[in-house]
Amino acid sequence: MLALTDPNEAYRRSEVDARVAGGSSADLVRFCISQVIEGLGGAISAHGVNAPTHRSKALTRALTALTALEMGVDRTAPLADALLQIYGSARRALLDCVTRFDPERLAEVRQDFRDIQLALAHSS
């Protein structure tokens, strides 16, 4: 199946599979956050060069990673409500951009996730 896709996508999928198979919960959270950041960056870049197919794929990548983050929240944890609010707001922004693309709004969401990524790196 991977032979039917482009080489970059095949490599990315194998990287995802390897990280999911061998990662701890914290590793998977960091990985999903990086996928949100990369997906949003890709969507913004694709929009800038008028590449709607690439923009759509990048948004889907970010949304998939965001969904994994939401599903993985321990609802009994002290920060659960705050995380769910952040993830929910990000989801709404991404879905809004499917019909009316707003690169500035996505850049803000991307920066929020970069801030989270930085905070996680400092707490490790």
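How many helices and how many strands are there in the protein? Switch your viewer to cartoon view and count: there are five helices and zero strands. Following the sequence from start to end, you read the pattern α-α-α-α-α. Keep in mind that you are looking at a predicted model.

**Stop 1: the whole chain**

Colour the protein by accessibility if your viewer can do that. Of its 124 residues, 27% are buried. Now think about who touches whom. Take the contacts between residues at least 6 apart in sequence: 55% of them join residues at least 24 apart.

**Stop 2: helix H2**

Select residues 25–48, which is H2. Show Phe-31, which sits in this helix. Phe-31 counts as buried because its relative accessibility is 6%, and the cut-off for buried is under 20%. Now draw a distance from the C-alpha of Phe-31 to that of Ala-65: you should get 8.5 Å, although the two are 34 residues apart in sequence.

Stay in H2 and pick Gly-41. Is Gly-41 buried or exposed? With a relative accessible area of 14%, Gly-41 is buried. Try another distance here, from Gly-41 to Ala-58: their C-alpha atoms are separated by 8.0 Å, and along the chain they are 17 residues apart.

**Stop 3: the loop after H2**

Move on to Asn-50, in the loop between H2 and H3. Asn-50 has a positive phi of about 55°, although it is not a glycine. Asn-50 is exposed, since its relative accessible area is 66% and exposed means over 50%.

**Stop 4: helix H3**

Select residues 52–71 to bring up H3. Its 20 residues reach 28 Å from first C-alpha to last, close to the 28 Å expected at 1.5 Å a residue.

Which residues of H3 are buried? Show Ala-58, Leu-59, Ala-62, Ala-65, Leu-66, Leu-69 and Glu-70 as sticks, and you have them. Turn the view until you look down the axis of H3: these buried residues fall within an arc of 145°, so they line one face of the helix. Here is a rule to help you: an α-helix has 3.6 residues a turn, so residues three or four places apart point the same way. On the other side of H3 you'll find Thr-53, Lys-57, Thr-64 and Met-71, which are exposed. What covers the buried residues? The cover includes H2, H4 and H5.

Zoom in on Glu-70 before you leave. Glu-70 is buried, with a relative accessible area of 14%. Leaving aside neighbours within four places in sequence, Glu-70 is in contact with Arg-75, Leu-84, Tyr-87, Gly-88 and Arg-91.

**Stop 5: helix H4**

Next, select residues 80–99 for H4. At 1.5 Å a residue, its 20 residues should span 28 Å, and the end C-alpha atoms are 29 Å apart, which agrees. The buried residues in H4 are Ala-80, Tyr-87, Gly-88, Ala-90, Ala-93, Leu-94 and Cys-97. Turn on the other helices again, and you'll see that H2, H3 and H5 are among what covers them.

**Stop 6: helix H5**

Select residues 103–123, and H5 lights up: 21 residues reaching 30 Å from first C-alpha to last, close to the 30 Å expected at 1.5 Å a residue. Its buried residues are Leu-106, Val-109 and Phe-113. Look down the axis of H5 and you'll see why they belong together: they fall within an arc of 65°, so they line one face of the helix. Flip to the face turned away from that buried side, which carries the exposed residues Glu-104, Glu-108 and His-122. Helices H2, H3 and H4 are among what covers the buried residues of H5.

**Last stop: a pocket**

Finish with the second largest pocket, which has a volume of about 430 Å³. To find it, select Val-29, Gly-72, Val-73, Leu-83 and Tyr-87, the closest to its centre of the 20 residues that line it. Which helix gives the largest share of the lining? That is H2, with seven residues. H2, H3, H4 and H5 each supply at least two residues of this lining. Colour the lining by class, and you get 16 nonpolar, two polar and two charged residues.

How values were computed:
Residues numbered from 1 in each chain as written. Predicted model: local features only at pLDDT ≥ 70, side-chain atom pairs only at ≥ 80, totals over all residues. Heavy atoms only, no water. Helix = DSSP H or I, 4+ residues; strand = E, 2+ residues; numbered from the N terminus. Expected span 1.5 Å × (residues − 1). Buried < 20%, exposed > 50% of the residue type's maximum accessible area, 1.4 Å probe, protein only. Arc of directions from axis to C-beta. Contact = heavy atoms within 4.5 Å. 1 Å grid on protein atoms, 1.4 Å probe; cavity = no way out; pocket = protein on both sides within 12 Å on 5 of 7 lines; lining within 4 Å. Points joined across faces, edges and corners; volume = space filled by probe spheres on them. Nonpolar A, V, L, I, M, F, W, Y, C, P; charged D, E, K, R; others polar.
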